[in-house]
Amino acid sequence: MAFWKWWTSFVLIGVLTGVAQFNFNIIEFIKLNDPTYITIAVIIISLVTTIIIGYRAYLLQFKNELPYSEQLEPLWFSADAVMSIGMVGTLVGFLMVLTGTFTDVDTSSTEAMKQVIGQLAAGMGVALLTSLAGLISSIILKFQLVMLENEANGRP
């Protein structure tokens with residue numbers, strides 16, 4: 001059942017992502033709000049890790065090959081790494097806000113203040129978007145890994 005559980009979670013995540021894309025156009029949102037591409041890196045790492053977990057689940061279910069704990073350690077590392085990369089993105093976003101925003105601000109100019117607010121929004125967008133992508137990806141990967149380990153250990 002390991003592969004079918006993984007496959008069900010994979011399809012469910014795909015459907016939810018498709019619904020979010022249809023309703024909120026998240027790909028365009030990410031392109032516009034993350035000039036650092038950290039969110040894209042997090043998504044790619046989690047997608048590759050998900051496919052590897054699926055392959056391990058396939059081997060467990062159809063080839064009866066139990067994954068060794070050493071084989072799963074890099075996958076657990078990836079689950080933690082995407083969250084850490086998301087936090088690095090948060091710091092990068094805050095640095096974007098704090099380093100270039102408040103230098104030589106003319107507080108009497110409306111146009112200058114609009115520009116400062118735009119820079120603040122861009123930096124905060126990077127910070128929050130990368131954190132969100134890292135946290136969601138980490139939760140999904142850990143969920144899949146727990147399911148795989150439970151199946152490998154004979155627990156439902």
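Rings of Phe, Tyr and Trp (for Trp, the six-membered ring) form an aromatic pair if their centres lie within 6.5 Å; planes under 30 degrees apart count as stacked, over 60 as edge-to-face and the rest as tilted. Keep that in mind, as a search of the whole structure finds ten aromatic pairs.

Before you start clicking, note that this is a predicted model, in which local features need pLDDT of at least 70, side-chain atom pairs count only at pLDDT 80 or more, and totals for chains, interfaces and linings use all residues. Residues are numbered from 1 along each chain as its sequence is written, and side-chain values use heavy atoms, with hydrogens and water left out.

**Stop 1: the aromatic rings**

Select F3 and Y58 to begin. Their ring centres are 5.9 Å apart and their planes stand at 80°, so this pair is edge-to-face. F3 belongs to helix α1 and Y58 to helix α3, so the pair ties together parts that are 55 residues apart in sequence. (Helices are DSSP runs of H or I with at least four residues, numbered from the N terminus.) F3 is buried at 15% relative accessibility, while Y58 is partly exposed at 31%. Here buried means under 20% relative accessible area, exposed over 50%, and partly exposed in between, with a 1.4 Å probe and protein chains only.

Now add W6 and W7, a tilted pair with 6.0 Å centre to centre and 50° between the planes. W6 is buried, with a relative accessible area of 8%, whereas W7 is partly exposed at 37%. To see the wider group, select F3, W4, W6, W7, F10, Y58 and F62, which ring pairs link into a cluster.

**Stop 2: helix α1**

Show residues 2-24 as a cartoon. The 23 residues of α1 should span 33 Å at 1.5 Å a residue, and the end C-alpha atoms are 32 Å apart, which agrees; the expected span is 1.5 Å times one less than the number of residues. Colour A2, F3, W6, S9 and A20, which are buried in α1. What do the buried residues of α1 pack against? Their partners are α2 (26-33), α3 and α5. Contact here means heavy atoms within 4.5 Å. Just after α1, look at N25, which takes a positive phi of about 50°.

**Stop 3: α3 beside α5**

Two packed helices are described by the angle between their axes and the distance between the axes. Axes are lines fitted to C-alpha atoms, for helices over the stretch in contact, and angles run from 0 to 180 degrees between N-to-C directions. Select α3 (residues 38-62) and α5 (residues 110-152): their axes come within 9 Å and cross at roughly 10°. That makes α3 roughly parallel to α5; angles under 35 degrees count as roughly parallel, over 145 as roughly antiparallel, 65 to 115 as roughly perpendicular and the rest as oblique. For sticks, try residues of the contact including I38, V42, I53 and L60 of α3 and L129, A133, L141 and L148 of α5.

While on α3, click I52, which is partly exposed with a relative accessible area of 35%. The C-alpha atoms of I52 and L75 are 8.1 Å apart, with their positions 23 residues apart along the chain.

**Stop 4: α2 across α5**

Finally, select α2 together with α5. Their axes come within 9 Å and cross at roughly 125°, and the two helices are therefore oblique to each other. Show F29, I30 and N33 of α2, which meet A122, G125, V126 and L129 of α5.
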